[in-house]
Amino acid sequence: MKNIKLEKVFIAGGYGMIGSAIAGQIREHFPAVELVIAGRNPAKGAKLIEQQGLASLACIDLTGTEVPEQAATAQLIIAAVPDPKNLLAEFAIKNNIAFINITQATGDAILPLLNLTQRYQPTQPVVPLGYYEAGLFLPLVSLLAADFSVIDSVQLSALHDPADPLGELSSSELGNELAPALIRDSGSWTYSSIPRDITLQNGEVIQGVPFSILDVTAVAAMTHASSVRLDIAAGTSMGMHQCGKPSIDLYVDIIGTDCAGEHVSKRVIASDPRGQAHMTAFGVLTVIKAMLKSEKDGLLAAETLLDMAEALLQMKGAGIGVFRD
């Protein structure tokens with residue numbers, strides 16, 4: 001964030017499971033930052049305000065037309081809930097305030113931001129962060145991709161444990177019919193609903209379904225792989241198997257030619273023992289830290305903003321296990 005000290009952060013949806021986790025991460029790593037926790041029912045955030053300190057509540061209805069005055073003096077606005085009118089995005093871009101939205105996960109959702117940034121030319125970063133776990137697949141892909149000279153396919157898998165509060169919600173969504181997801185198959189971009197078998201770390205085989213999200217196009221650009229897809233699945237996590245506490249587990253499987261010229265398949269797994277809300281919030285924190293160091297401005301993809309090696313070290317330092325399998 002060019003020449004701006006982070007003093008106030010406005011979080012829409014800040015008292016929800018993910019929003020409150022984001023607030024907690026910011027408070028832990030930036031103790032002097034003022035937090036504004038905003039939502040349609042601010043009273044629901046009263047307990048969180050007491051816990052965080054140096055924080056206040058604000059009322060915002062993202063289906064309406066008004067943005068609270070507290071947002072105007074923030075250096076960073078975070079949308080942790082859907083913003084159907086791009087109310088916060090437009091406000092941030094027009095007022096040159098750094099912005100993150102964790103729910104914008106498709107190209108169609110990003111296009112309005114692209115046009116707005118071209119029109120207003122903000123000098124602060126605008127980051128659509130609708131990646132799985134706020135972009136934490138990307139450092140894992142970067143780590144594993146370094147072993148290859150040519151990459152044929154990348155398969156990303158997210159395992160949600162029903163014992164995790166957010167994992168339970170994700171698992172229930174899997175019971176519904178999902179829209180066909182954008183994937184890359186043998187070089188062609190297409191939409192698919194076809195499930196895929198996923199072999200877990202303990203050898204169990206479960207089914208995952210493809211999910212449309214920004215990681216797919218980002219990873220295709222990062223690796224030049226002709227086949228890329230991301231699947232979500234429900235099952236017993238590594239954390240439950242190992243210590244009886246649910247984790248969120250991310251799997252990256254790459255097939256290609258390694259640096260010795262051998263055709264190989266390799267895997268890396270990340271497991272967060274504190275669950276999905278923590279991992280998503282930590283992904284947001286990682287992007288905030290990258291924004292503060294970066295001289296880049298305007299609309300930025302996470303993969304162009306993150307220092308992947310540094311992000312990986314931060315993940316490990318936060319207690320997220322990273323395993324080569």
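In helix α5, the buried residues are Phe137, Leu138, Pro139, Leu140, Val141, Leu144 and Ala145, and I should say at once that we are looking at a predicted model. Helix α5 covers residues 137-145, and because seven of its nine residues are buried, the helix is largely enclosed by the rest of the structure.

From there I would like to turn to the salt bridges, of which a search of the whole structure finds eight. As general background, side chains of opposite charge can pair when their charged atoms come close.

Let me begin with Lys266, which forms a salt bridge with Asp147, where the closest N and O atoms are 3.5 Å apart. Lys266 belongs to strand β14, residues 263-272, while Asp147 sits in the loop between α5 and β7, so this pair ties together parts of the chain that are 119 residues apart in sequence. Lys266 itself counts as partly exposed, since its relative accessibility is 26%.

Next come Asp231 and Arg196, whose side chains meet in a salt bridge with an N to O distance of 2.9 Å. This pair also links distant parts of the chain, with Asp231 in strand β12, residues 227-234, and Arg196 in strand β10, residues 196-199, the two being 35 residues apart. Are these two partners buried or exposed? Asp231 is buried, with a relative accessible area of 0%, and Arg196 is buried too, at 10%.

The third pair I have chosen is Lys293 and Glu310, which form a salt bridge with their closest N and O atoms 2.4 Å apart. Lys293 lies in helix α9, residues 276-293, and Glu310 in helix α11, residues 308-317, so to speak of distant parts of the chain here is to speak of a separation of 17 residues. Lys293 is exposed, with a relative accessible area of 60%, whereas Glu310 is partly exposed, at 26%. Salt bridges that share partners, I should add, join Asp147, Lys266 and Arg324 into one network.

Finally, I would like to show you how two helices pack, namely α3, residues 87-94, and α4, residues 107-120, whose axes are 10 Å apart and meet at an angle of about 20°. That angle makes α3 roughly parallel to α4, and α3 passes α4 in a right-handed crossing. On the α3 side the contact is made by Ala89, Glu90, Ile93 and Lys94, and on the α4 side by Leu113, Leu116, Thr117 and Tyr120. Sorted by class, this contact of α3 with α4 has five nonpolar residues, one polar residue and two charged residues.

Key. Residues are numbered from 1 along each chain as its sequence is written. This is a predicted model: local features need pLDDT of at least 70, side-chain atom pairs count only at pLDDT 80 or more; totals for chains, interfaces and linings use all residues. Side-chain values use heavy atoms; hydrogens and water are left out. Axes are lines fitted to C-alpha atoms, for helices over the stretch in contact, and angles run from 0 to 180 degrees between N-to-C directions. Helices (H or I, at least four residues) and strands (E, at least two) are DSSP runs, numbered from the N terminus. Angles under 35 degrees count as roughly parallel, over 145 as roughly antiparallel, 65 to 115 as roughly perpendicular and the rest as oblique. A crossing is left-handed if the near helix is turned anticlockwise from the far one by less than a right angle, and right-handed if clockwise. Contact means heavy atoms within 4.5 Å. Ala, Val, Leu, Ile, Met, Phe, Trp, Tyr, Cys and Pro count as nonpolar, Asp, Glu, Lys and Arg as charged, and the others, Gly among them, as polar. Buried means under 20% relative accessible area, exposed over 50%, partly exposed in between (1.4 Å probe, protein chains only). A salt bridge is a side-chain nitrogen of Lys or Arg within 4 Å of a carboxyl oxygen of Asp or Glu.
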